[in-house]
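Please open the model in your viewer and keep the selection tool at hand. The tour goes from the whole chain to its ligand.

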Amino acid sequence: MQLAEQRLTAIKQRIHNACRDTGREQSDVTIIGASKTKDAQLIKSFGQAGLKDVGENYLQEAIGKQQALSTLPLNWHFIGSIQSNKTKLIAQHFDWVHGVDRLKIAQRLARQNNKSSPIKVLIQINPDLEDSKAGVALDTAAELADAMAQIDHLQIHGYMMIPMPRDSEAEQRRVFAKAKKTLETSNQRYGLNMRHLSMGMSADLEAAIAEGSTMVRIGTDLFGTRV
Ligand SMILES: *Cc1c(COP(=O)(O)O)cnc(C)c1O
């Protein structure tokens with residue numbers, strides 16, 4: 001087996017085990033290859049091995065790779081921090097935008113979306129209220145989701161989070177469970193139908209899946225360490 005196939009198989013096995021242990025369907029969890037700093041050739045080998053979803057953090061870097069990989073049927077996710085002067089290119093080049101945390105950004109993405117399908121967005125939650133990270137507090141997410149649900153040409157699908165590292169899987173699960181709870185209460189309170197939680201990375205995908213993640217963003221354990 002080639003490297004890409006081996007790494008992808010290993011991640012699928014971890015997801016399989018996490019789903020089996022917690023009574024979830026493996027088909028409900030999408031692997032997003034978080035490929036920042038990795039070149040198009042490497043991503044291509046993963047695409048050929050069956051990876052369908054790619055997450056990029058830096059707009060210019062991503063656009064170059066998209067051009068190089070245009071023959072592969074990949075879904076592109078923007079998972080980096082969003083500056084408002086970049087929303088036009090983000091809207092035009094990505095299917096999904098994780099990490100939206102202001103209504104104004106969502107409105108711009110919707111207005112600048114030139115695709116026939118609505119742009120799909122996730123609201124970033126900042127559970128530890130870290131200054132270095134984007135995202136809203138847990139208790140304001142629902143209201144923002146309701147406001148975004150009113151915007152045309154945009155679909156709000158759920159929440160994304162990048163918690164601080166925790167020492168144990170129990171601690172990891174505790175914070176991911178808060179996102180799950182927030183998704184449920186948001187849907188109930190505002191009659192929404194959000195179904196996605198983008199959470200879990202190389203180090204904590206099992207805990208995230210145990211608490212309902214539907215999209216794990218995997219960098220290191222697929223593409224190798226970043227320099
Ligand atoms: C880099 C990155 C990841 C992947 O992290 P790993 O620990 O390398 O798996 C996931 N999500 C975001 C937003 C990232 O920037």
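The stops below begin with the overall fold and end at the ligand.

Bear in mind throughout that this is a predicted model. Begin by displaying the protein chain as a cartoon, in which 9 helices and 8 strands can be traced. If you then reduce the view to the C-alpha trace, the protein chain spans about 50 × 40 × 30 Å along its principal axes. The radius of gyration of the protein chain is 17 Å, which agrees with the value near 17 Å for a compact globule because that value is the one expected with 227 residues.

Next, select the ligand, which occupies the space of the largest pocket. Extend the selection to the residues around the ligand, among them Ala 34, Lys 36, Ile 79, Ile 162, Met 201 and Arg 226; by class, this shell has 5 nonpolar, 4 polar and 3 charged residues.

Now show side chains and look at three contacts in turn. At Asn 57, an N or O atom of the side chain lies 2.8 Å from an oxygen atom of the ligand. At Arg 217, an N or O atom of the side chain lies 2.8 Å from a nitrogen atom of the ligand. At Thr 220, the distance from a side-chain N or O atom to an oxygen atom of the ligand is 2.5 Å. Finally, turn on the surface: taken alone the ligand exposes 390 Å², of which the protein buries 88%.

Definitions and conventions:
Residues numbered from 1 in each chain as written. Predicted model: local features only at pLDDT ≥ 70, side-chain atom pairs only at ≥ 80, totals over all residues. Heavy atoms only, no water. Near = heavy atom within 4 Å. Polar contact = N/O pair within 3.5 Å; in protein donor to acceptor, adjacent residues only side chain to side chain. Areas by Shrake-Rupley, 256 points an atom, 1.4 Å probe, with all protein chains shown as cover. 1 Å grid on protein atoms, 1.4 Å probe; cavity = no way out; pocket = protein on both sides within 12 Å on 5 of 7 lines; lining within 4 Å. Sits in = over half its atoms within 2 Å of the grid points. Nonpolar A, V, L, I, M, F, W, Y, C, P; charged D, E, K, R; others polar. Helix = DSSP H or I, 4+ residues; strand = E, 2+ residues; numbered from the N terminus. Rg over C-alpha atoms; globule rule 2.2 N^0.38 Å.
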